[in-house]
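These are my notebook entries on a single chain. I set down what I looked up, in the order in which I looked.

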Amino acid sequence: MPAFAPFTLATQRLQLRFLSTADVPALYRMYSDAEAMRYWSSAPWDDMRQAEAYFAAALAGYESGELLRMGIEADGQLAGVVNLYSFNRQNQRCDIGYMLDRACWGKGYMQEAMAALLDHAFRVWSLHRIEADIDPRNTASAKLLKSLHFVYEGHMRERWIVNGEICDTDFFGLLRADWIAAR
Ligand SMILES: CC(C)(COP(=O)(O)OP(=O)(O)OC[C@H]1O[C@@H](n2cnc3c(N)ncnc32)[C@H](O)[C@@H]1OP(=O)(O)O)[C@@H](O)C(=O)NCCC(=O)NCCS
């Protein structure tokens, strides 16, 4: 994939932008929060070096074009991250993942941020399909995806083992045509 040149997306309340080294402490705060990480695919972080490695992976992703980590900024603070990854050029698809600081839940920030990024991905990059794989117990995540017109496409049994806990997956997909028709 070609590298991602830095870009920003502005919404009514938010700014989506590339991550910077100054974001590392806020990333650590989000990903070490056991409640926010309850349905994540890995255990909560317990070492600042995990935040540094996450940021290093973000830089490598911008360079390789294989991973896009967009910081979500609200009122000048990092409020969350939305990730596009597993890009498949032939099939013009990728996966999406997202994390919002718990202090920012219930404000519609993620819906606003993802709408901007999805619009960019479908209209500017002409992606064909975006997929999300969530824990079926993650009702906030399912609600968010449905509000963004993702379609529930099926249940996969015992797809993840996180900290020894075996977890199922609910799988969602959004087509460019769905998005354009809905918006
Ligand atoms: C998944 C996650 C991003 C959802 O967060 P969220 O705050 O519910 O989602 P949004 O930012 O879109 O906000 C929607 C909520 O804000 C409310 N809201 C308030 N003001 C709003 C506004 N102006 N516009 C839209 N919604 C608004 C909505 O009613 C909704 O609340 P409700 O679910 O109680 O009805 C969050 O729970 C999270 O980060 N979890 C941890 C990480 C995680 O599990 N990620 C997914 C892994 S697959």
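Entry 1, cysteines. I looked up C167 in this predicted model and found a relative accessibility of 7%. C167 therefore counts as buried, since the cut-off for that class is under 20%. I then turned to C94, which is also buried, with a relative accessible area of 0%. I next asked how many disulfides the chain holds. The count comes to 0 disulfides.

Entry 2, secondary structure. I counted the elements and obtained 5 helices and 8 strands. Reading from the N terminus, I noted the order β-β-α-α-β-β-β-α-β-α-β-β-α.

Entry 3, overall dimensions. I asked what radius of gyration a compact globule of 183 residues would have. The expected value is near 16 Å, and the chain has 16 Å, so the two agree. Along the principal axes, I recorded a C-alpha trace spanning about 40 × 40 × 30 Å.

Entry 4, burial, contacts and surface. I find that buried residues make up 46% of the 183 residues. Among contacts with a separation of 6 or more, 60% are between residues 24 or more positions apart. For the accessible surface I noted about 9,500 Å², with 50% of it belonging to carbon and sulfur atoms. I also looked up the charges: the chain has 19 positive and 23 negative ones, and their mean positions are 4 Å apart.

Entry 5, A115. I located A115 in helix α3, which covers residues 109-123. Is A115 buried or exposed? Its relative accessible area is 10%; with the limit for burial at under 20%, A115 is therefore buried. Leaving aside neighbours within four places in sequence, I listed the contacts of A115 as L148, W179 and R183. For one of these partners, R183, I also looked up the spacing: A115 and R183 lie 68 residues apart along the chain, and their C-alpha atoms are separated by 9.8 Å.

Entry 6, L78. I placed L78 in strand β4, residues 77-88. L78 has a relative accessible area of 7% and is buried. Which residues does L78 contact, leaving aside its neighbours within four places in sequence? I listed R17, L19, D23, A26, L27, R29, M30, G71, I72 and D101. I also looked up the pair L78 and V162, which are 84 residues apart in sequence and 26 Å apart in space, C-alpha to C-alpha.

How values were computed:
Residues numbered from 1 in each chain as written. Predicted model: local features only at pLDDT ≥ 70, side-chain atom pairs only at ≥ 80, totals over all residues. Heavy atoms only, no water. Disulfide = S-S within 2.5 Å. Buried < 20%, exposed > 50% of the residue type's maximum accessible area, 1.4 Å probe, protein only. Helix = DSSP H or I, 4+ residues; strand = E, 2+ residues; numbered from the N terminus. Rg over C-alpha atoms; globule rule 2.2 N^0.38 Å. Contact = heavy atoms within 4.5 Å. Areas by Shrake-Rupley, 256 points an atom, 1.4 Å probe, with all protein chains shown as cover. Lys, Arg positive; Asp, Glu negative; His and termini not counted. Charge placed at Lys NZ, Arg CZ, Asp CG, Glu CD.
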